[in-house]
Amino acid sequence: MSITDVLSADDIAAALQECQDPDTFEPQKFFQTSGLSKMSASQVKDVFRFIDNDQSGYLDEEELKFFLQKFESGARELTESETKSLMAAADNDGDGKIGADEFQEMVHS
């Protein structure tokens with residue numbers, strides 16, 4: 001599966017353009033521009049599985065660092081503060097990782 005199987009390449013490019021500079025990544029803005037927030041819960045969970053590098057069922061900070069690169073290989077890494085902010089926005093149970101349900105809730109919040 002490629003991310004462009006479910007999201008438009010143009011929408012992804014626009015979303016990445018908005019956060020190309022360090023410390024400009026805003027999750028809700030990214031989800032809106034990329035079209036992720038308009039997807040069904042099951043589609044968002046499909047995208048989650050694509051982002052989950054080790055297929056553990058969770059995203060940890062190391063995987064979140066490369067979040068943008070899952071949308072386009074040449075995209076930048078998230079900064080440490082962006083990574084921690086993204087984790088804090090989604091990790092509802094405080095276990096230090098984001099599950100598929102938590103990810104879907106964050107995307108649709």
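Buried means a relative accessible area under 20%, exposed means over 50%, and partly exposed lies in between (1.4 Å probe, protein chains only). The model is predicted, and residues are numbered from 1 along each chain as its sequence is written. Local features need pLDDT of at least 70, side-chain atom pairs count only at pLDDT 80 or more, totals for chains, interfaces and linings use all residues, and side-chain values use heavy atoms, with hydrogens and water left out.

**Exercise 1. Classify Phe31, Phe48 and Phe103 by accessibility, and describe how their rings pair.**

Step 1. Phe31 has a relative accessible area of 0%, so Phe31 is buried. Phe103 is buried because its value is 1%. Phe48 is buried, as is Phe103.

Step 2. Rings of Phe, Tyr and Trp (its six-membered ring) pair if their centres lie within 6.5 Å; planes under 30 degrees apart count as stacked, over 60 as edge-to-face and the rest as tilted. By this rule there are 10 aromatic pairs.

Step 3. The ring centres of Phe31 and Phe103 are 6.1 Å apart and the planes stand at 80 degrees, so this pair is edge-to-face. Phe31 is in helix 2 (residues 27–34) and Phe103 is in helix 6 (residues 100–107), 72 residues apart, and the pair links these distant parts of the chain. Helices (H or I, at least four residues) and strands (E, at least two) are DSSP runs, numbered from the N terminus.

Step 4. For Phe48 and Phe103, the centres are 5.7 Å apart and the planes are at 50 degrees, so the pair is tilted. Phe48 belongs to helix 3 and Phe103 to helix 6, so the pair ties together parts 55 residues apart in sequence.

Step 5. One aromatic cluster is formed by Phe25, Phe30, Phe31, Phe48, Phe67, Phe71 and Phe103.

**Exercise 2. Place Asp54 and Glu63 in the structure, and find what joins them.**

Step 1. The UniProt record puts the feature "binding site" at Asp52, Asp54, Ser56, Tyr58 and Glu63. UniProt positions follow the numbering used here, feature names are shortened, and annotations may be inferred rather than shown by experiment.

Step 2. Asp54 sits in the loop between helix 3 (41–51) and strand 1 (58–59), while Glu63 is part of helix 4 (residues 61–65).

Step 3. Asp54 is partly exposed because its relative accessibility is 49%. Glu63 is at 6%, so Glu63 counts as buried.

Step 4. A polar contact is a pair of N or O atoms within 3.5 Å; within protein, one must be able to donate a hydrogen and the other to accept it, and residues adjacent in sequence count only if both atoms are side-chain atoms. The side chain of Glu63 reaches the backbone nitrogen of Asp54 at 3.3 Å. The side chain of Asp54 also makes a polar contact with the side chain of Ser56, at 3.0 Å.

Step 5. Contact means heavy atoms within 4.5 Å. With neighbours within four places in sequence left aside, Glu63 is in contact with Ile51, Asp52, Asn53, Asp54 and Tyr58.

**Exercise 3. Which lysine lies over the face of Tyr58, and at what distance from the ring centre?**

Step 1. A charge sits over a ring if NZ of Lys or CZ of Arg is within 6 Å of the ring centre and within 35 degrees of the ring normal.

Step 2. Lys97 lies over the face of Tyr58, 4.3 Å from the ring centre. Lys70 lies over the face of Phe50, at 5.1 Å from the ring centre.
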